Amino acid sequence: MIRAQGEVKIYVMEQDDFVLDDVLFQFNEGARAVYTGLNYTFDLFHKPGWLGLQLPALANWFSAYMIELSFPNGSESHHIFTIERNTSVPVEDNGWFWYPVKPIRASVLPRIAS
């Protein structure tokens with residue numbers, strides 16, 4: 001679980017994207033699960049995790065399809081998530097917006113020798 005504060009860009013269908021600074025967020029990575037195929041083969045896959053954002057009320061928050069997250073985290077500071085609606089849908093709960101997400105990119109910053 002990661003809990004921090006950073007800049008969030010929320011991509012929403014048919015609307016200008018939201019860009020917000022100093023947003024408190026929490027990310028819980030999805031668990032790995034075994035999937036049984038039709039021909040009795042087995043494969044591991046990641047279930048969607050949950051990204052919670054503590055935000056004021058946003059119009060069309062439910063229509064978001066991608067979230068970009070930047071926060072000071074040493075070597076990993078920029079993440080992009082796609083919102084998965086196959087088994088779960090976004091939920092609003094007491095000032096938190098929870099999105100079922102899968103990470104699609106994380107960039108690693110090079111370390112600077114001192």
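# Briefing on an all-strand predicted model

Leaving aside neighbours within four places in sequence, phenylalanine 62 touches Arg85, Val89 and Pro90. The structure is a predicted model, and its secondary structure consists of nine strands and zero helices. The protein has 114 residues, of which 34% count as buried.

**Around phenylalanine 62**

- Phenylalanine 62 sits in the loop that links β5 (49-54) to β6 (64-70).
- Its contact partner valine 89 is in another loop, the one between β7 (76-83) and β8 (91-93).
- Phenylalanine 62 has a relative accessible area of 40%, so this residue is classed as partly exposed.
- Valine 89 is also partly exposed, because its relative accessibility is 44%.
- Together with Val91, Phe62 and Val89 form a nonpolar surface patch of about 240 Å².
- Phenylalanine 62 and glutamate 92 are 30 residues apart in sequence, while their C-alpha atoms are 9.0 Å apart in space.

**Overall layout**

- Read from the N terminus, the elements follow the order β-β-β-β-β-β-β-β-β.
- Consider the contacts in the protein with a separation of 6 or more: 54% of them join residues 24 or more positions apart.
- The protein exposes about 7,600 Å² of surface.
- Carbon and sulfur atoms supply 52% of that exposed area.

**The nonpolar core**

- The largest nonpolar core contains 21 residues.
- Within this core, the residues with the most contacts are Ile10, Leu51, Leu53, Ile67 and Tyr99.
- At least two core residues come from each of β1 (2-12), β2 (18-28), β5, β6, β7 and β9 (96-108).
- Strand β2 gives the largest share, with four residues.
- Isoleucine 67 can serve as an example of a core residue. Beyond its neighbours within four places in sequence, isoleucine 67 is in contact with Val8, Lys9, Ile10, Tyr11, Leu51, Leu53, His79, Ile80, Phe81, Ile83 and Tyr99.
- That list includes Ile10, Leu51, Leu53 and Tyr99, which are themselves among the residues with the most contacts inside the core.

**Two residues with positive phi**

- Glutamate 14 is not a glycine, yet its phi is positive, at about 55 degrees.
- This glutamate lies in the loop between β1 and β2.
- Is glutamate 14 buried or exposed? Its relative accessibility is 87%, so glutamate 14 counts as exposed.
- Aspartate 22, another residue other than glycine, has a positive phi near 50 degrees.
- Aspartate 22 belongs to strand β2.
- Aspartate 22 counts as exposed because its relative accessibility is 61%, and the cut-off for exposed is over 50%.

**Confidence in the model**

- The mean pLDDT of the protein is 82.
- A pLDDT of 70 or more is reached by 82% of the residues.
- Which elements have the lowest and the highest mean pLDDT? Strand β4 (residues 42-46) has the lowest, at 68, and β5 has the highest, at 94.
- Over residues 108-114, pLDDT stays under 50.
- For residues 108-114, the model has five contacts beyond four places in sequence.

Note on methods:
Residues numbered from 1 in each chain as written. Predicted model: local features only at pLDDT ≥ 70, side-chain atom pairs only at ≥ 80, totals over all residues. Heavy atoms only, no water. Buried < 20%, exposed > 50% of the residue type's maximum accessible area, 1.4 Å probe, protein only. Contact = heavy atoms within 4.5 Å. Areas by Shrake-Rupley, 256 points an atom, 1.4 Å probe, with all protein chains shown as cover. Patch = residues over 30% accessible without salt bridge, like charges linked within 9 Å, V, L, I, M, F, W, Y side chains within 5 Å. Salt bridge = Lys/Arg side-chain N within 4 Å of Asp/Glu carboxyl O. Core = buried A, V, L, I, M, F, W, Y, C linked by side-chain atoms within 4.5 Å. pLDDT = per-residue confidence, 0-100.
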